[in-house]
Every structure is written in structure tokens, then in C-alpha cells.
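Let's take a friendly walk through this protein, one kind of contact at a time. Keep the viewer open as you read.

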Amino acid sequence: MKEWLLIVWIGTTTNLQVLDRFPTERACKERMESMRVEVDPKFTIECTRDLREGRSEFPSRAGSGGVANK
């Protein structure tokens with residue numbers, strides 16, 4: 001994945017919503033800081049290139065080949 005994703009974690013670590021995409025980490029973090037005032041404090045907002053944190057810790061099925069496996 002070449003782009004940075006601005007995501008908000010909703011409740012558990014398996015519930016997330018992608019808010020926006022950015023070409024650089026700096027652009028993502030600048031937008032993240034401005035969004036903090038708009039996002040409810042009970043949600044976590046962050047920039048990431050890796051969504052594996054939001055996936056199950058159980059091994060994937062053979063041949064599933066989802067985003068987390070790349």
C-alpha cells in the first residue's frame with residue numbers, strides 16, 4: 001500500500017472507518033490533527049499504512065489473500 005490512510009477506530013479494534021487517503025504521512029498527520037476536534041474523544045483517530053491491527057489475530061484461511069496478507 002503506497003498511500004497513508006486516515007482512520008477512526010470505532011469501539012473495538014476490529015471496527016474502523018477510513019476517513020481519507022493521503023500520498024504522504026505528513027499530509028495525513030496534518031489532517032488528523034485538524035480532525036481531532038471533530039471526532040468524539042471516545043474514538044481513536046490515526047494515520048496508518050497497515051490495517052492488520054484491525055484484523056483477527058487468528059490465522060487466515062489458505063488462499064484468502066486479503067489486504068492483511070499483502
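## Salt bridges along the helix

Glu30 and Arg26 form a salt bridge, with 3.2 Å between their closest N and O atoms. Both residues sit in helix α1, and because they are four residues apart, about one helical turn separates them. The two partners can be told apart by their accessibility: Glu30 is partly exposed, with a relative accessible area of 48%, whereas Arg26 counts as exposed at 65%. Please keep in mind that this is a predicted model.

Helix α1 also holds the pair Lys29 and Glu25, whose side chains meet in a salt bridge at 3.1 Å, N to O. These two residues are likewise four residues apart, about one turn of the helix. Lys29 has a relative accessible area of 39% and is partly exposed. Glu25, at 33%, counts as partly exposed too.

## A salt bridge between separate parts

How many salt bridges does the structure hold? There are four, and one of them joins the side chains of Arg21 and Glu3, at 3.0 Å from N to O. Arg21 belongs to strand β2 (residues 16-22), while Glu3 is in the segment before β1 (4-9), so this pair ties together parts that are 18 residues apart in sequence. Glu3 has 29% relative accessibility, which makes it partly exposed.

As general background, side chains of opposite charge can pair when their charged atoms come close.

## The disulfide

Which cysteines does the disulfide join? Cys28 is bonded to Cys47, with an S to S distance of 2.1 Å. The bond links distant parts of the chain: Cys28 lies in helix α1 (residues 25-35) and Cys47 in strand β3 (residues 44-48), 19 residues apart. The structure holds one disulfide.

If you rotate the view to look at the S-S bond of Cys28 and Cys47, you will find a torsion of about -105°, so the disulfide is left-handed. Are these two cysteines buried or exposed? Both Cys28 and Cys47 are buried.

## The nonpolar core

Cys28 and Cys47 also turn up in the largest nonpolar core, which has 10 residues. The other members are Trp4, Leu6, Val8, Phe22, Met32, Met35, Val39 and Ile45. Strand β1, helix α1 and strand β3 each supply at least two residues of this core.

Val39 is a handy place to start when you explore the core. Leaving aside residues up to four places away in sequence, Val39 touches Val8 and Ile45. More broadly, nonpolar side chains in soluble globular proteins tend to be buried together.

## The overall picture

Now step back to the whole chain. The protein has one helix and three strands, and from the N terminus on, these elements run β-β-α-β. Of the contacts with a separation of 6 or more, 46% are between residues 24 or more positions apart.

What share of the 70 residues counts as buried? The figure is 23%. The accessible surface of the protein comes to about 5,400 Å², and carbon and sulfur atoms account for 51% of that surface.

Terms used: Residues numbered from 1 in each chain as written. Predicted model: local features only at pLDDT ≥ 70, side-chain atom pairs only at ≥ 80, totals over all residues. Heavy atoms only, no water. Disulfide = S-S within 2.5 Å. Buried < 20%, exposed > 50% of the residue type's maximum accessible area, 1.4 Å probe, protein only. Contact = heavy atoms within 4.5 Å. Areas by Shrake-Rupley, 256 points an atom, 1.4 Å probe, with all protein chains shown as cover. Core = buried A, V, L, I, M, F, W, Y, C linked by side-chain atoms within 4.5 Å.
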